[in-house]
Amino acid sequence: MTGICTGRVAAVTGAGRGLGRAHALALAAEGAHVVVNDLGVAPDGAGTSAGPAQQVADEIRAAGGRAVAHTGDITTTDGAASLVTTALDAFGRLDALVNNAGFLRDRMLVNLDEDDWDAVIRVHLKGHFLPLRYAAAHWRAEAKAGRRPDARVVNTSSGAGLLGSVGQGNYSAAKAGILGLTLVAAAEMDRYGVQINAIAPAARTRMTERTFADTMAAPAEGEFDAMAPENVSPLVVWLSSTASDGVTGRVFGAEAGRITVMEGWRPGPTADKGGRWTPTEAGETARTLLAAAEVPQPVYGAR
């Protein structure tokens, strides 16, 4: 290990299992003190348990690191605010926030009820906004007090947020919203010494091992486990460290041994009449422009 995060304090949401657990362990292995947040819910968000967060915190301490468990609901004001205060009370500072918590309630749109929409939007999108809001407020206050932070936020989007995923309209919408939030937050917080980026990981977790069972299957013994969550964590650790200085407002794909800089919406073929189009003219022009444009990548699961 390089000690790239030695002395830094990181809070990781959804860190009791899967990607969050891998991130928390990797950050601790590189010297970070970690606040391990997890509500301990089932894959669909039902129930709660303090066990997963405490187990990961215990694992970090058993390996010689420093960690505390936090079991607050980060989709609530009190839970998100207490995540920040837990870091300050336990370690005296907060340097990095890794937003990772989430669950799935997959349905085709015509079968997706309002409760399942609200629940997924709440945990993914609101569950990013609130911890970010309270961490950002703390860092802004530090900067205004003459203690400019060197802080980092890593948000977790998904390929579903970039391309869409059939049967996951709620999840895709939430993950796309996280990308927009990342761009705005990065622009707003740069002046205060805060860098904010997002990842779109692909890994075997409770959320993916059933939905994408074939892709996420474990390899034969001795083969590289391309879908292990631990493959994503090195990028998260680097983005949480001071070594990532100058990198903000970017989105990275991360899976297996591959890291990709994702390039978002940007202007393509354009036509300007200099006046108002008729509907027929607009349609003919749109078809001409589409013929010159790149073909979009297909939505996951589309036929």
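Is Arg61 buried, partly exposed or exposed? The model is predicted, and all values below are computed from it. At 35% relative accessibility, Arg61 is partly exposed, because burial requires a value under 20% and exposure one over 50%. Its salt-bridge partner is Asp58, with the closest N and O atoms 2.5 Å apart. Asp58 has a relative accessibility of 36% and therefore also falls in the partly exposed class. Both residues, Arg61 and Asp58, belong to helix 2, which covers residues 51-62. They are three residues apart, about one turn of the helix. An α-helix has 3.6 residues a turn, so residues three or four places apart point the same way.

Helix 2 has twelve residues. At 1.5 Å a residue, a span of 16 Å is expected. The end C-alpha atoms are 16 Å apart, so the model agrees with that expectation. Which residues of helix 2 are buried? They are Pro52, Ala53, Val56, Ala57 and Ile60. Viewed down the axis of helix 2, these buried residues fall within an arc of 130 degrees, so they line one face of the helix. The face turned away from that buried side carries the exposed residues Gln55 and Ala62. The cover over the buried residues of helix 2 includes helix 1 (18-29), strand 2 (33-37) and strand 3 (67-70). Gly64 follows helix 2. The phi angle of Gly64 is positive, near 100 degrees.

The loop between strand 2 and helix 2 contains Val41. With a relative accessibility of 14%, Val41 counts as buried, because the cut-off for burial is 20%. How far apart are Val41 and Gly102 in sequence and in space? They are separated by 61 residues in sequence. Their C-alpha atoms are 9.5 Å apart in space.

The search for salt bridges covered the whole structure and found ten. The pair in helix 2, Arg61 with Asp58, is one for which the N to O distance is given above. Another joins Glu281 and Lys273, whose closest N and O atoms are 2.7 Å apart. Glu281 is partly exposed, with a relative accessible area of 28%. Lys273 is partly exposed as well, with a value of 39%. Salt bridges also form a network: through shared partners, Arg105, Arg107 and Asp116 are joined into one.

Within that group, the side chains of Arg105 and Asp116 meet in a salt bridge with an N to O distance of 3.4 Å. Where do the two residues lie? Arg105 is in the loop between strand 4 (96-98) and helix 4 (114-144), whereas Asp116 is in helix 4. The pair therefore ties together parts that are eleven residues apart in sequence. Arg105 is partly exposed, with a relative accessible area of 23%. Asp116, at 8% relative accessibility, counts as buried.

Aromatic contacts were also searched for. Across the whole structure, the number of aromatic pairs is zero. A charge does sit over an aromatic ring, however: the charged end of Arg133 lies over the ring of Tyr134. The distance from that charged end to the centre of the Tyr134 ring is 4.8 Å.

Terms used: Residues are numbered from 1 along each chain as its sequence is written. This is a predicted model: local features need pLDDT of at least 70, side-chain atom pairs count only at pLDDT 80 or more; totals for chains, interfaces and linings use all residues. Side-chain values use heavy atoms; hydrogens and water are left out. A salt bridge is a side-chain nitrogen of Lys or Arg within 4 Å of a carboxyl oxygen of Asp or Glu. Helices (H or I, at least four residues) and strands (E, at least two) are DSSP runs, numbered from the N terminus. Buried means under 20% relative accessible area, exposed over 50%, partly exposed in between (1.4 Å probe, protein chains only). The expected span of a helix is 1.5 Å times one less than its number of residues. The arc is that of the directions from the helix axis to the C-beta atoms. Contact means heavy atoms within 4.5 Å. Rings of Phe, Tyr and Trp (its six-membered ring) pair if their centres lie within 6.5 Å; planes under 30 degrees apart count as stacked, over 60 as edge-to-face and the rest as tilted. A charge sits over a ring if NZ of Lys or CZ of Arg is within 6 Å of the ring centre and within 35 degrees of the ring normal.
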